Amino acid sequence: MAHYKQGPDPKREQFRRYLEKAGVVDSLTSVLVSLYEQQEKPNNALEFVKQQLGAVGQTSEDAEALQQEVINLRQKCARLAGENKELKAKLQRYESVPEDGGTAN
């Protein structure tokens, strides 16, 4: 006689919720649907899945890192533009001083 469990295993259910919350289920589903919809199936389905998952996994981390880099570069650009303006003003003051030493120290 076979022994059947009553109800779902709590550990298994907890793990399923964990995978759903982490976005793993959605990512896997999306990749598998993409594979299913391919007109010409790839020779190596596992490699296709790995590539698709790699692209999915990198998107959010890469986007976040790139956004932070853009913020940092914009701040640096603004700082350098201000410094450039300051240096141009100093240079203009020195260039406007007569060469006969009108403002000698």
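How many helices and how many strands are there in the chain? The chain has three helices and zero strands, where helices (H or I, at least four residues) and strands (E, at least two) are DSSP runs numbered from the N terminus. Along the sequence the pattern reads α-α-α.

The model is predicted: local features need pLDDT of at least 70, side-chain atom pairs count only at pLDDT 80 or more, and totals for chains, interfaces and linings use all residues. Residues are numbered from 1 along each chain as its sequence is written, and side-chain values use heavy atoms, with hydrogens and water left out.

Of the 105 residues in the chain, 4% are buried. Here buried means under 20% relative accessible area, exposed means over 50%, and partly exposed is in between (1.4 Å probe, protein chains only). The chain exposes about 10,100 Å², and carbon and sulfur atoms supply 54% of that area. Accessible areas come from the Shrake-Rupley method with a 1.4 Å probe; for residues, only the protein chains shown count as cover.

Helix α1 covers residues 10–21. The expected span of a helix is 1.5 Å times one less than its number of residues, so the 12 residues of α1 should span 16 Å, and its end C-alpha atoms are indeed 16 Å apart. The helix is hardly covered, with zero buried residues among its 12. Gly 23, which follows α1, has a positive phi near 85°.

Side chains of opposite charge can pair when their charged atoms come close. A salt bridge is counted when a side-chain nitrogen of Lys or Arg is within 4 Å of a carboxyl oxygen of Asp or Glu. By this rule there are three salt bridges.

Glu 13 forms a salt bridge with Arg 16, and the closest N and O atoms are 2.1 Å apart. Both residues lie in helix α1, three residues apart, which is about one turn of the helix. Glu 13 also forms a salt bridge with Arg 17, with the closest N and O atoms 4.0 Å apart. Glu 13 and Arg 17 are separated by about one helical turn because they are four residues apart in helix α1. Arg 16 in turn meets Glu 20 in a salt bridge (2.6 Å, N to O), and these two residues of α1 are four residues apart, again about one turn of the helix. Salt bridges that share partners join Glu 13, Arg 16, Arg 17 and Glu 20 into one network.

How exposed or buried are the members of this network? Glu 13 is partly exposed, with a relative accessible area of 23%. Arg 16 is partly exposed at 34% relative accessibility, as are Arg 17 at 46% and Glu 20 at 40%.

Beyond α1, Val 24 is found in helix α2 (residues 24–37). Val 24 is partly exposed, at 31% relative accessibility. Together with Leu 28 and Leu 53, Val 24 makes a nonpolar surface patch of about 190 Å². Patches are made of residues with over 30% relative accessible area and no salt bridge; like charges are joined within 9 Å, and nonpolar side chains (Val, Leu, Ile, Met, Phe, Trp, Tyr) within 5 Å.

A ring contact completes the account. The charged end of Lys 41 sits over the ring of Tyr 36, 5.7 Å from its centre. A charge sits over a ring if NZ of Lys or CZ of Arg is within 6 Å of the ring centre and within 35 degrees of the ring normal.
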